[in-house]
Amino acid sequence: MSAGVTTQPAERRLSLLVTVLAFALPVIFVLVPLAIFLVYSFFSVDQGTIVYAPTLGNYVRFFTDPIFLPVFWNTIVLCVSVAVICILLAYPAAYFLTTLRGRWRYALLMLLLVPLLMSYVIKIYAIRSILGLNGFLNKALVAIGILQQPSTLFVFNMNAILLTLSLLLIPFAILPIFLSLERIPQTLLRASDDLGASGLQTFLRITLPLSLPGVASAASFVFVLAIGDFLTPQMVGGISGFTFGRILYSQFGTAYNWPFGAALSVALAIVVICAILIGERFGRSRGTSV
Amino acid sequence: MNALPRPSTIFLAVITTLVAVLLYSPLFVPIVSSFFTISHGDVDWSSPTLSTYRALAENHDILAALRTTLIVGLCTVVLSVVSGTLLALYYHGRRSGRSILQFIIFLPFLMPPIISGLALLIFFREIGLERSLLTVVIGHTVFVLAIVYRTVLMRLQSMSRTLVEASYDLGATGWQTFWRIILPNLSSAMVGGAILAFALSFDETMITILVTGTQSTLPVRLWAMMRLGFSPDINALVALILMFTVLLCVLAARFLIPRQMATERS
Amino acid sequence: MSQNTDLLTLRSVSKSYGTVPVLHDIDLSVRDGEFLTVLGPSGSGKTTVLRLIGGLEPLTAGEIRLDGQDISRMPINKRPFNTVFQDYALFPHMTVSGNVGYGLSVRHVQRKEIARRVAEALELVQLGRFADRFPAQLSGGQRQRVALARALICQPRLILLDEPLAALDLELRRQMQEFLKSIQREIKTTFLFVTHDQEEAIGMADRICVMQAGHIRQLGTPHELYYKPNCEFVARFFGENNLVAGKLGPVQGEQRPIETALGRLICSISGQPHLKAAPDGASAFAAFRPEALHLADSTDGDNRFSGTIADLAFAGSSTVATITAGADTAAQRLRLRTPSRIDGSALRSGETVSLSFAPHEGHLVLA
């Protein structure tokens, strides 16, 4: 621990053990699996067994087969849309939180974050029943006269995936935006008011630019979580709501082509890493130098 | 924030209320249905009943899955808290190699669960480890380790170095210092980390689906049942789980706020 | 308890962090039972000295002896010293009595005995009523006293105090100074006290060790340091002083003249053989305290010069005049301190006056 303390032999043996564990644990259980995974993407499958010979076949197939690239692209568009919806809803809510004082601010924040910890599968199930033909949404829309009769527009298609993912991921957008809004010094806003800016001008020219880093992290956060989800599309997407995650997952189930699945995962990982890096790049606030 | 004109405040409040409703409506549905019967999408408000809870008590399938989930959760908590604390103690105050290994620890948390799950699936297959509850526990531990590690490390960093020096100075050995000074000061962070780890493990679905054997945890069991539609007793289970989760949140908040901050009067 | 036996000796102790040296070849003896203060500006290495003695850091070179035995390599938890840390380092999860009893409890002293001695120690620091409180529930001064009780309960040979009063406000600091001094007299344990505050040092210490840039500049009683500083740094750092640069003239018994911009000034060199030995023409400073400087009258023969009062500042019991003396090209800023008088000062701002100080109140430091 501290210099000048001569350790007992038992303590020295323990510290050696800790050193070994500190390096071995992350390497064995994280790095090695990911490395094997990467290697797998260069193998192939022949009649249900894996051929351990390196090939670029999986990647060639990903880029040439007419199925994968469009789904890949559609999924990215879907997840960007999810991120946009989440931010449009989360930003006003986060802004409202920062207008509150003390205890209320954090109590309400907690209230909006708690649903995160609630059972994921159950939430999807409940959302599906709300969106369904007999669900609350249809009943409400019929009741206020927007729809003549219940519609199947909201379930078992891409719309359903979009709505469900947005609903599930809003809290992940609220937190980073709230934190970046909270960090804006009050004095800046007051200075702007003193200079004669209207509330809207202050918001557009001071608050909004300074909170953009939080928006960027929120967007990359939501995007990454959305694109990695394969359960939600499976449960609410039906046949038409086909996403990249589902294709990927099926390679390890029904299609049984692990090497190809690994290659698809590499593609997914690259998109995710890009999203995280973009979020990092714009998430690093310019606000600190103001 | 600056004082906004009223209309904009009202607008913001309305949106916030909408968000809260959107977030809570999926939770509201099963709770209501656990007390009232629903037919053709209409709630029969006239007859509150606890029959769903009685049915739950007899659903051995679900109860077994619940027990499995608890076992997995507890094992995950023990493993992740022990190794997360060890890693935090090791990397605290050490610069060489720390950032890279820290990044590796955080990878499973940053990567989509499908990638972590599939990587582990192939890894288990390559080392010849059958899919079982053990593989689920390993998967969960790898997933939640970053959270425990970070919680403990942050507490360590806020702990004054002189506490350890004072202990040695007063004649304590390394062991005594560890057990009587370092560990007690980390304990609330460890409990907080443990609660978070348990909550994450309890609800972990995607990695679990990929690495589980024949025994499944509750979320996976629910997922399998969902395709066929749920029996009403599931609603009772969900209501109970929600209450339990709220309790956990309150506890976690309590333990993650350092004791000093809570008792400091000045 | 004799103050003349050495308890602890540092011999040619050096310390570097990596390639950055912080202590150069330190020699220091701590006498048994004394209150020794290590005084220096921040970065002088004073805290490092304390950490080396306490065993919190290893030595780079040299040795530390306790009763003549080399303890340089003795682990911190075996050294019969205890430290009062600057931030007190009270264990937040233990009560006051848990904290104070920790040193005994890790040595497996019996519970009854611990309880008795904890009660005793808390009584000594006047905190008996607070035994069951947690550190977070105490004020700064109370925490300070808990830290002290915790350090002295193991009856160490030496208590090391690392700027323990730095975090307290002025009034409390004064009280704690008296309190520490009285405790030290009561338990007759050697105190090694580190501080950057020279007033604190003067008020408490039997001896003061002045450090600067990793060197010990002077070690002596407060009186010696104040009236016979042996270098420019101590002369300037320790109390207010007037320093006038010049060249030494030939020795005249126990006095020696120095040629300065203010003319020839005669200063005492009694008991300072190195000043006697310095060659004629060597660069030096004439040093005299503001309270030694006074308006010259007819009896003053030596050390007369004229100056203009640039500013007058009333400071309660005394009044301080800032004076510009000497030719324009080599103007000296001097300070003069006189007791304040109810009917106003005899001095007038802007007035040109004749000034003087007695040779025996002036001394020399080599540049």
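This talk covers the contact between chains B and C, then the annotated membrane spans of chains A and B.

A word on conventions. The model is predicted, so I follow these limits: local features need pLDDT of at least 70, side-chain atom pairs count only at pLDDT 80 or more, and totals for chains, interfaces and linings use all residues. Residues are numbered from 1 along each chain as its sequence is written, and chains are lettered from A and ligands numbered from 1 in the order in which they are written.

First, the contact. Chain B gives 20 residues and chain C gives 21 residues, where contact means C-beta atoms, placed from the backbone, within 7 Å. On the chain B side, two or more residues each come from α7 (161-169), α8 (174-203) and α12 (259-263). Helices here are DSSP runs of H or I, at least four residues, and strands are runs of E, at least two, numbered from the N terminus. The largest share, 6 residues, belongs to α7(B). By type, that side of chain B has 7 nonpolar, 8 polar and 5 charged residues; Asp, Glu, Lys and Arg count as charged, Ala, Val, Leu, Ile, Met, Phe, Trp, Tyr, Cys and Pro as nonpolar, and the others, Gly among them, as polar.

Next, the membrane spans. In chain B, the unreviewed UniProt entry annotates "transmembrane region" at several stretches, including 103-124 and 136-156. Such annotations may be inferred rather than shown by experiment. Residues 103-124 of chain B are 91% helix, with end C-alpha atoms 22 Å apart. For residues 136-156 of chain B, the figures are 100% helix and 30 Å.

In chain A, the UniProt list includes 160-181 and 202-227. Residues 160-181 of chain A are 100% helix, with 31 Å between the end C-alpha atoms.

Methods. Contact = placed C-beta atoms within 7 Å.
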